[in-house]
Structure formats: C-alpha cells, structure tokens
Amino acid sequence: MKKPISPSDALRAQLLEHCEEVISKSQAMRNYAMKPGNAWLARGELANIQATLYEIETLLDEIKEADQVA
C-alpha cells in the first residue's frame, strides 16, 4: 500500500525544481563571466539566483511547518 502524500511532499518537489534552477543559472553565470564583456550578463544571472534562493528559503520554512503538523 502506498504511503499517503503529505503536504510537505509537494513542497519538497518544488524545492528540487528550484535547486535545479539554481544549478542551471549558476552554470549560465559562470559561462557568461568567462567571456570578456559579458560580466553584466553574469551579474543578471546572479540576481536571478538570489531571487531563487529567497524562494528556496521560503519553501524551507513552509516544509518545516508542514513537517511539524504531520
């Protein structure tokens, strides 16, 4: 019998998606920074990473709360 899906499972799935996004954006940032004249593009990716990290932080708080309820 399958274990019922808890509210935190959906949040953890979102967390994995955000982590993949951070990895992808980090690689793009690195690639931009390696080409002369593209530091501004790297900085843009860094800003995107920071926004995603904020979303991850929020998700971690939500996961913590969902785990306490379960």
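Q: How do I read exposure here, and what does Glu21 count as?

A: Relative accessible area sorts residues into three groups: buried means under 20%, exposed over 50%, and partly exposed in between (1.4 Å probe, protein chains only). At 30% relative accessibility, Glu21 counts as partly exposed. Before we go on, note that this is a predicted model, in which local features need pLDDT of at least 70 and side-chain atom pairs count only at pLDDT 80 or more, while totals for chains, interfaces and linings use all residues. Residues are numbered from 1 along each chain as its sequence is written, and side-chain values use heavy atoms, with hydrogens and water left out.

Q: Which residue forms a salt bridge with Glu21?

A: Look for a side-chain nitrogen of Lys or Arg within 4 Å of a carboxyl oxygen of Asp or Glu; that is a salt bridge. For Glu21 the partner is Lys25, and their closest N and O atoms are 2.8 Å apart. The two residues are 4 apart in helix α1, so about one helical turn separates them. (Helices are DSSP runs of H or I with at least four residues, strands are runs of E with at least two, and both are numbered from the N terminus.) Lys25 is buried, at a relative accessible area of 17%.

Q: How many salt bridges does the structure hold?

A: There are 2 salt bridges. You have met the pair of Lys25 and Glu21; Asp67 also forms a salt bridge, with Arg12, where the closest N and O atoms are 2.7 Å apart. This pair links distant parts of the chain, as Asp67 sits in helix α2 and Arg12 in helix α1, 55 residues apart. Asp67 is partly exposed at 36%, and Arg12 counts as partly exposed at 34%.

Q: How are α1 and α2 placed relative to each other: roughly parallel or roughly antiparallel?

A: Two packed helices are described by the angle between their axes and the distance between the axes. The axes are lines fitted to C-alpha atoms, for helices over the stretch in contact, and angles run from 0 to 180 degrees between N-to-C directions. Here α1 and α2 pack at an angle of about 165 degrees, and their axes are 9 Å apart. The two helices are therefore roughly antiparallel. The cut-offs are under 35 degrees for roughly parallel, over 145 for roughly antiparallel, 65 to 115 for roughly perpendicular, and oblique for the rest.

Q: Which residues make up the largest nonpolar core?

A: In soluble globular proteins, nonpolar side chains tend to be buried together. A nonpolar core is a set of buried Ala, Val, Leu, Ile, Met, Phe, Trp, Tyr and Cys residues joined through side-chain atoms within 4.5 Å. The largest one in this model has 8 residues: Leu11, Leu15, Val22, Ile49, Ile56, Leu59, Ile63 and Ala66. Both α1 (7-33) and α2 (39-69) supply at least two residues each, and the largest share, 5 residues, comes from α2.

Q: What is Leu59 in contact with, beyond its neighbours in sequence?

A: Contact means heavy atoms within 4.5 Å. Leaving aside neighbours within four places in sequence, Leu59 touches Leu11, Gln14, Leu15 and His18. Leu59 belongs to helix α2 and counts as buried at 6% relative accessibility. His18 is in helix α1 and is also buried, with a relative accessible area of 13%. Leu59 and His18 are 41 residues apart in sequence but 9.6 Å apart in space, C-alpha to C-alpha. Ile63, with the same neighbours within four places set aside, is in contact with Ser8, Leu11, Arg12 and Leu15.

Q: Where is Thr52, and is Thr52 buried or exposed?

A: Thr52 is found in helix α2 and counts as buried at 2% relative accessibility. Outside four places in sequence, Thr52 is in contact with His18, Glu21, Val22 and Lys25. That brings us back to Glu21, whose C-alpha is 7.8 Å from that of Thr52, with their positions 31 residues apart in sequence.

Q: And Leu16: is Leu16 buried or exposed?

A: Leu16 lies in helix α1 and is exposed, with a relative accessible area of 58%. Gln68, in helix α2, counts as exposed at 59%.
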